[in-house]
Amino acid sequence: MKNLQVVEKGFSSVPIIDISALVSGKGDLYAVASQIKQACRESGFFYIIRHGVDESLQQRLEELSRQFFAQDLETKLKIRMALAGIAWRGYFPVGGELTSGKPDLKEGIYFGAQLEEEHPLVQAGTPMHGSNLFPANIPQFGETVLEYMQAMTNLGHTLMTGIALSLGLEESYFADRYTSDPLVLFRIFNYPPNLLPSAGELIWGVGEHTDYGVLTILKQDDSGGLQVKSKSGWVAAPPVPGSFVCNIGDMLDKMTAGLYRSTPHRVQNQSQNHRLSFPFFFDPNFDVEVKPIELDNIVANNNIGDRWDKANVHDFRGTYGDYVLSKVSKVFPALRRLVL
């Protein structure tokens, strides 16, 4: 790869990429990789279509999720996060998460890879590893979540081959070094209608932030509300039928010296309905040290002025586990005091 410069211009929309060639392994993989490269350099966000994830599975997940969130708070709290301890799983109520330092106007459930008590990482007391908490009163919920997570994990591996090709690397670059045993984290969020802004101020379902790892794959319902930050302002990423929204995280930004952007984004539910969102995070192995990729003539993006937290991810040294724990402990400060 020669003479690649970090793109500084703004963008006005999020591109849509047909990834069927990546999924099937047939067709022009490099044409798909070229589109991924352009999207990652310009916006850090892109839609994917023809991804191969079963539509009926997605519908079942959405229906069961709506059923869960329609319950009273006392019932939902039966799987509250405090019960999972350092596994960091379970339900939190509206206002329980502080994504950008302020309570979010959303409730949600955290999930991860299903690891039983005898698993070595669980035995070692590794944070963010363990068993999930599923509602006992909603049949099929747990198995549907686990089936969806497996489909997303497979899709994550597929997309990382495309990202590797987009950087001029061998297809297995990330699998060989970072994602052979990925830290997979899945969230289901419910954003209640934002009908009465407090004192004339906008209340954000989730405030401005970037994601932590390498790749996020988002299923959103038809409510809208996702916004992506561009140099020229905030750009809407509305629902596109049959698609997922993908964006890169801080660790891929660090690996590529800022060539691929971990772009700030936020959500406000402006509809009259409850908004469901299903972000799946495909992240590096928990104990792997994240290092820059050796790419020719890359101009690093060390400008921290456009980040809401003024942080510089390129200064970070350590394992991905170190990084993600430093982030989630700020998002859930009360839980941190209990379990870390």
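**View 1. Strand E2 and its parallel neighbour E1.** Four of the five residues of strand E2 are buried (under 20% relative accessible area with a 1.4 Å probe and protein chains only, where exposed is over 50% and partly exposed lies in between), so E2 is largely enclosed by the rest of the structure. The model shown here is predicted, so that local features need pLDDT of at least 70 and side-chain atom pairs count only at pLDDT 80 or more, while totals for chains, interfaces and linings use all residues. Residues are numbered from 1 along each chain as its sequence is written, and side-chain values use heavy atoms, with hydrogens and water left out. Helices (H or I, at least four residues) and strands (E, at least two) are DSSP runs numbered from the N terminus. Strand E1 (residues 16–18) runs parallel to E2 and is joined to E2 by three bridges, with Ile-17 having Ile-48 as its bridge partner in E2.

**View 2. Strand E10 and its two antiparallel partners.** All five of the residues of strand E10 (residues 244–248) are buried, so this strand is largely enclosed by the rest of the structure. In a regular strand the side chains alternate between the two faces of the sheet. In E10, Phe-244, Cys-246 and Ile-248 point one way, whereas Val-245 and Asn-247 point the other way. Two strands pair if DSSP finds at least two bridges between them; strand E2 (residues 45–49) pairs with E10 in the antiparallel sense over four bridges, and strand E7 (residues 215–220) also pairs with E10 in the antiparallel sense over four bridges. Val-245 of E10 has Tyr-47 opposite it and Leu-218 opposite it as well, while Asn-247 of E10 is the bridge partner of Phe-45.

**View 3. Leu-83 in a loop.** Leu-83 is found in the loop between helix H4 (73–76) and strand E3 (90–92), and its relative accessibility of 49% makes Leu-83 count as partly exposed. Leaving aside residues up to four places away in sequence, Leu-83 touches Leu-77, Lys-78 and Leu-133 (contact means heavy atoms within 4.5 Å). Leu-83 and Leu-133 are 50 residues apart in sequence, and their C-alpha atoms are 8.4 Å apart in space.

**View 4. The crossing of helices H3 and H6.** The axes of helix H3 (residues 55–69) and helix H6 (residues 141–166), which are lines fitted to C-alpha atoms over the stretch in contact, come within 10 Å and cross at roughly 135 degrees, on a scale from 0 to 180 degrees between N-to-C directions. H3 and H6 are therefore oblique to each other (angles under 35 degrees count as roughly parallel, over 145 as roughly antiparallel, 65 to 115 as roughly perpendicular and the rest as oblique). Among the residues that make the contact are Leu-61 and Phe-68 of H3 and Phe-141 and Tyr-148 of H6.
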